[in-house]
Amino acid sequence: NAEYGGQCLVGDMKFFCSLAPATIARRQAMSCGSADCDAAPWTHAQLARFVDDELFARYLRCLSDVRESALLEEVRQRAQIEKAAAVEQARKLARDELAEKEAVNVYRQHIVERLLNLACPRCDAVFAAFDGCFALKCSQAGCGAAFCAWCLQDCGNDAHAHIARCEHRTGEDVFFATLEQFEESNRVRRTRLVTDYLRRSVPAPRRDAVLASVAQELADLGVVVAI
């Protein structure tokens, strides 16, 4: 229509009314409803000249509703994206927390099983009996290791020579000492071993968590570790 700069205009009012919501939703403005028409959308001024006041008011309400719906859809999609991001972040935090707990548990197991337990240095068999002699011999079948009760060093087949010069020996007698001396020597040994392990093998950010995980075991043995 030359009056509107060559733009496509719909002359039938009923067709216009039925067409408005679909075309407005598609282009965020009123334009020809033909999918093949590439004419520019009509301006408000053009439509105001073309349709009566009531129809123009309906058009403006329709335009407002469509824009509101589009805004609500944008908000909904944004909320979904943010929710998905939050869920993924929560999953990542859960994975990181689980990995941290597993890492702490590895250090904990080493401290409890390898540093706090009294065990044969060769076969790792745990022992508890002490008869006063610091020259110990493993009773585990197939082992028979001789080791020092002061430092738990594997001494081959006979521990007596080592015990005589062991730097950790505190008893006056070369080979014998009281149960109290045995327990105190192991408290000191455990304190030394756990402290060295925490400082040398456990990353600094995890030390507090690892120490907390074995707090009860250390307290039961009277071991106090400061890092």
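Is C138 buried or exposed? At 12% relative accessibility, C138 counts as buried. Keep in mind while looking around that this is a predicted model.

**Stop 1: the two cysteines**

Leave C138 selected and add C123. The sulfur of C123 lies 3.6 Å from that of C138, its closest cysteine sulfur, and this is too far for a bond. A disulfide would need the two sulfur atoms within 2.5 Å. Seen from the other side, C138 is in no disulfide either, and its nearest cysteine sulfur is that of C123. C123 is partly exposed, with a relative accessible area of 31%. Over the structure as a whole, the number of disulfides is zero.

**Stop 2: helix α3 and its salt bridges**

Now select residues 53-116, which make up helix α3. The whole structure has 10 salt bridges, and three of them can be visited from here.

Begin with E73 and R76. Their side chains meet in a salt bridge, with N to O at 2.4 Å. The two residues are three apart in helix α3, so about one helical turn separates them. Check the surface around the pair: E73 is partly exposed at 30% relative accessibility, and R76 is partly exposed at 39%.

Next, select E97 and K101. These also form a salt bridge, and their closest N and O atoms are 3.5 Å apart. Both lie in helix α3, four residues apart, which is about one turn of the helix. K101 is exposed, with a relative accessible area of 52%, whereas E97 counts as partly exposed at 46%.

For the third pair, select R108 and E217. The closest N and O atoms of this salt bridge are 2.9 Å apart. This pair links distant parts of the chain: R108 is in helix α3, E217 is in helix α7 (residues 215-220), and their positions lie 109 residues apart. Both count as partly exposed, R108 with a relative accessible area of 24% and E217 at 23%.

**Stop 3: the largest pocket**

Which residues lie nearest the centre of the largest pocket? Select F127, A129, L136, K137 and S139, which hold that place among the 15 residues of the lining. The space in this pocket is about 260 Å³. Colour strand β1 (residues 135-137) as well: with three residues, β1 supplies the largest share of the lining. By class, the lining has 11 nonpolar residues, two polar and two charged.

**Stop 4: the second largest pocket**

The last selection is the second largest pocket, which has a volume of about 190 Å³. Its lining can be picked in one go: E113, R114, L115, N117, A119, C120, P121, D124, C151, L152, R189 and L193. Helices α3 and α5 (179-201) are the elements that give two or more residues to this lining. What does α3 give to the lining of the second largest pocket? It contributes three residues, the most of any element. Colouring by class shows seven nonpolar residues, one polar and four charged.

To finish, show the pocket together with the salt bridges of the second stop. Helix α3, which contributes to this lining, also holds R108, the partner of E217 in α7, and both residues of the E97 and K101 pair.

Methods. Residues are numbered from 1 along each chain as its sequence is written. This is a predicted model: local features need pLDDT of at least 70, side-chain atom pairs count only at pLDDT 80 or more; totals for chains, interfaces and linings use all residues. Side-chain values use heavy atoms; hydrogens and water are left out. A salt bridge is a side-chain nitrogen of Lys or Arg within 4 Å of a carboxyl oxygen of Asp or Glu. Buried means under 20% relative accessible area, exposed over 50%, partly exposed in between (1.4 Å probe, protein chains only). On a 1 Å grid over the protein atoms alone, a cavity is a set of points where a 1.4 Å probe fits but cannot get out, and a pocket is an open set with protein on both sides within 12 Å along at least five of seven lines; lining residues have an atom within 4 Å of a point. Grid points are joined across faces, edges and corners, and a volume is the space filled by probe spheres set on the points. Ala, Val, Leu, Ile, Met, Phe, Trp, Tyr, Cys and Pro count as nonpolar, Asp, Glu, Lys and Arg as charged, and the others, Gly among them, as polar.
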